[in-house]
Amino acid sequence: MSMQGPKTKALYEQAKQLIPYGVNSNFRYWGDDDTLVIVKGEGAYVWDADGKRYIDYRLGFGPVILGHAYPPVVERVREAAANGTVFAWTTPAEIELAQRITRMTGVEMVRLSNTGTEATMHALRLARACTGRERFIKFEGAYHGMYDYALYSTASSNQLKLLGTTRHPRPAPVSAGIPRRIDEYVISLPFNDFERLEETITAHWGDIAAVLFEPIMGNAASIMPRPGFLEKIRELCDRYGIVMIMDEVKTGFRVARGGAQEYFGVRADLVTYAKALGNGFPIAAIGGKRDVMMAAEPGFFALGGTYTGNAIGTAAANATLEVMEKEPVIETIFKRGEALMDGIAEILTRMDIPHVVIGPPSMFGVIITQEEPYDFRGYLRSDTELSEAIFMELNYRGVQPDADNREPWFLCYSLSEEDVAETLQVFEDAVLAVKKRL
Ligand SMILES: Cc1ncc(COP(=O)(O)O)c(C=O)c1O
């Protein structure tokens, strides 16, 4: 069975001629038969080139918090584009956005960039500049972007043996082309392992500039931090002068208006935002404490780019955050998400499939497993073949979570109660169909 209808297939064949594997991001490649060509998005739906409609739970890997082509955002962008898009000067819209971001999240200062990759890359360099130290800690299964330092032991490291033992984890590169010696700077640890974290920091703090982490493992099925784990990172960073960088590229403006800092009540020194900030337009931000942010001093530190603060991304973010401040966006999404999580769990229980449905309702994970995982190694022990079979079946039937369940189900404000009901009906049909084949 293929997801491609005849028009989609023909376009994809054309794409492959000139674009390697027919995609502009490797994460979009589902194989030659199942990679789609999308022609339109509106609200909670996308349509492929054959006119097949999907209820979209991927939302471009998370950014679309309000809905595709959300009219107030599109309108603000249209107005901005008519007045010029990039100036090499500060604009009033950037000031307005800085005011909104600081008000909503509690960060003291903010700088804009274009992608999550840029934001976390700059944050890491800022931490090094502030501390004079060079190594950093990240967690297995966490993804922070496409630059060399971050491409170790991400959720793409899908072989346990590459990660080393739990007592002696080692950073596993997830791409060819990364200079070998970069791994000297990366300390990769299992998430939620209090003991390993404390032991590592106590032994090496003089070399460690930052702990860079996703507060919820948004690239590993939304595995949650154990109670007290984020507070432990805070405590150790304070004790040893390490910069705590919370990567909120997925959680920011999605799990609460103030992101994971608000959701968990833990404040970091630097925080990175992207995705939901612009409802699908390329915009990102680095926020944080004034003393850390002010280290970005011209002449001392490199932080910038031609398109940082460009009028299009900035307008999209201002419009998105304005809607989020005025309307019950998070509350509505949580209500729908809770109904979906409960419904999915009920169906799987009734069908006798061991599972957990975890994470916040706006970005939850569904894992087929006997026991809830608390780190990426635990996730790798789950039944990913069965979850992929169910999720592919959902896709064939017009409901689109990622087939790879490391990617959470993302929900948007445009998703209706009817969409939730339809999804649950299709979910039940899909599980029944897969069970019949087992
Ligand atoms: C937590 C996290 N950080 C950083 C990134 C990189 O963001 P971008 O793809 O915008 O470069 C991602 C992308 O998925 C992410 O999930």
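Q: Helices (H or I, at least four residues) and strands (E, at least two) are DSSP runs, numbered from the N terminus. With these terms fixed, which helix gives the most to the shell around the ligand?
A: Helix α4 (residues 116-131) makes the greatest contribution to that shell, with three residues. The structure is a predicted model, in which local features need pLDDT of at least 70 and side-chain atom pairs count only at pLDDT 80 or more, while totals for chains, interfaces and linings use all residues. Residue numbers start from 1 along each chain as its sequence is written.

Q: How many helices and strands does the protein chain have?
A: The protein chain has 13 helices and 14 strands.

Q: What places a residue in the shell around the ligand, and which residues come nearest?
A: A residue is near a molecule if its C-beta atom, placed from the backbone, lies within 6 Å of it. There are 15 residues around the ligand, and Thr115, Gly116, Thr117, Gly145 and Val249 come nearest.

Q: How does the shell around the ligand divide by class?
A: The shell holds four nonpolar, eight polar and three charged residues. Ala, Val, Leu, Ile, Met, Phe, Trp, Tyr, Cys and Pro count as nonpolar, Asp, Glu, Lys and Arg as charged, and the others, Gly among them, as polar.

Q: How do you know that the 21 Å radius of gyration of the protein chain agrees with a compact globule?
A: The radius is taken over C-alpha atoms, and the globule rule is 2.2 Å times the number of residues to the power 0.38. For 438 residues a compact globule would be near 22 Å; the 21 Å of the protein chain agrees with this. The C-alpha trace spans about 60 × 55 × 45 Å along its principal axes.

Q: Which domains does the assignment give, and how many residues does each bring to the contact?
A: Domain bounds come from an automatic or database domain assignment, which here gives domain 1 (71-326) and domain 2 (328-437). The contact takes 28 residues from domain 1 and 20 residues from domain 2, two residues being in contact if their C-beta atoms, placed from the backbone, lie within 7 Å. On the side of domain 1 that touches domain 2 there are 15 nonpolar, seven polar and six charged residues. The domain centres, taken over C-alpha atoms, are 27 Å apart.

Q: Why does Asn279 count as buried?
A: A residue is buried if 20 or more other C-beta atoms, placed from the backbone, lie within 10 Å of its own, exposed if 12 or fewer, and partly exposed in between. Asn279 has 31 C-beta neighbours inside 10 Å and therefore counts as buried. Asn279 belongs to the loop between β9 (270-273) and β10 (284-288). Apart from neighbours within four places in sequence, its contacts include Pro63, Val64, Tyr70 and Thr320.

Q: Why is Phe61 called partly exposed, and Phe253 buried?
A: Phe61 has 19 C-beta neighbours inside 10 Å, so it counts as partly exposed. Phe253 has 28 other C-beta atoms within 10 Å, so it is buried. Phe61 lies in the loop between β3 (53-56) and α2 (71-81), whereas Phe253 lies in the loop between β8 (243-247) and α7 (259-264). Phi is positive for Phe61, near 70 degrees, and for Phe253, near 60 degrees.

Q: What makes Thr306 exposed?
A: Thr306 has 8 other C-beta atoms within 10 Å and is therefore exposed. Its place is in the loop between α8 (290-293) and α9 (311-326).

Q: What makes Pro169 buried?
A: Pro169 has 20 other C-beta atoms within 10 Å, so it is buried. Pro169 is found in the loop between β5 (135-139) and β6 (186-189). Beyond its neighbours within four places in sequence, Pro169 is in contact with residues including Glu140, Ser188 and Pro190.

Q: What is the largest nonpolar core, and why does it lie between the two domains?
A: A nonpolar core is a set of buried Ala, Val, Leu, Ile, Met, Phe, Trp, Tyr and Cys residues joined through C-beta atoms within 7 Å. The largest has 122 residues, and Ala127, Ala210, Val211, Val243, Ile245, Leu270 and Cys412 touch the most other members. Both domain 1 and domain 2 give residues to this core, so it lies between them. In soluble globular proteins, nonpolar side chains tend to be buried together. Outside four places in sequence, Cys412 has contacts that include Ala44, Leu59 and Ile333.
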